[in-house]
Amino acid sequence: MPEEYRHGRFGTARLLSRRNKWLLLKCIRETTVKANRGRRYVQVSRAFFQLRQIIEYKARRAGHAVMLIDPAYTSQTCPRCGMVRKTSRRKNAHLYVCANCGYRSNDDRVAAMNIRGIGYETLDQLPR
């Protein structure tokens, strides 16, 4: 029974879990950003910054915390053995194949798994 929240041009953010006062959101973007090639990064970055501000505001208002995770190398790191290798990710095919242990999955899924793992490690290091 997920709850849905409307966020204007950002589409719908679906609340998947309220466990332990942490929010797990699945954001669905309903519109595509149309921009020329030179300005595309700037426009998309601004939209994600605004979405982050909305999520942080809503979380604070509901008494939740938001944790920011650096996504560097998360799509190049194997979630099973931890090996980091740029060539393991086949960007055009959206495929990750670990050269060390042979683990295969979608590259975005691998990044999400690694971000989740970093988040859990960070939570475990917080004082209780």
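How many residues apart do E56 and R52 lie in helix 1? They are four residues apart, which is about one turn of the helix, and I would like to begin with this pair before moving on to the sheet. Please keep in mind throughout that what we have on the screen is a predicted model.

The side chains of E56 and R52 meet in a salt bridge, with a distance of 3.1 Å from N to O. As for how far R52 is covered, its relative accessibility is 38%, so this arginine counts as partly exposed.

The structure holds two salt bridges in total, and the other one that I want to show you is formed by R89 with D107, where the closest N and O atoms are 2.9 Å apart. Here R89 belongs to strand 4 while D107 belongs to helix 2, so this pair ties together parts of the chain that are 18 residues apart in sequence. What is the relative accessible area of R89, and is D107 buried or exposed? R89 has a relative accessible area of 24% and is therefore partly exposed, whereas D107, at 0% relative accessibility, counts as buried.

That brings me to the sheet itself. It is an open sheet of three strands, in the order 4-5-6, and the pairing is antiparallel. Strand 4, which covers residues 89-90, and strand 6, which covers residues 104-106, stand at the edges with a single partner strand each, and so one side of each has no neighbour in the sheet. Between strand 4 and strand 5, the latter made of residues 95-97, there are two bridges, and these two strands run antiparallel. If you look for R90, you will find that this residue stands opposite L95 in strand 5.

Now please turn to helix 2, residues 107-125, which lies across strand 4, strand 5 and strand 6, and which runs at about 95 degrees to strand 6.

Finally, I would like to point to a residue outside these elements, namely Q76, which lies in the loop between helix 1, residues 40-61, and strand 4. Although Q76 is in a loop, its relative accessibility is 17%, and because buried means under 20%, Q76 counts as buried. Which residues is Q76 in contact with, once its neighbours within four places in sequence are left aside? The contacts of Q76 are then M83, V84, R85, K86 and Y96. Of these, Y96 falls within the residue range of strand 5, 95-97, so with that contact we come back to the sheet.

Note on methods. Residues numbered from 1 in each chain as written. Predicted model: local features only at pLDDT ≥ 70, side-chain atom pairs only at ≥ 80, totals over all residues. Heavy atoms only, no water. Contact = heavy atoms within 4.5 Å. Axes fitted to C-alpha atoms, helices over the stretch in contact; angles between N-to-C directions. Buried < 20%, exposed > 50% of the residue type's maximum accessible area, 1.4 Å probe, protein only. Salt bridge = Lys/Arg side-chain N within 4 Å of Asp/Glu carboxyl O.
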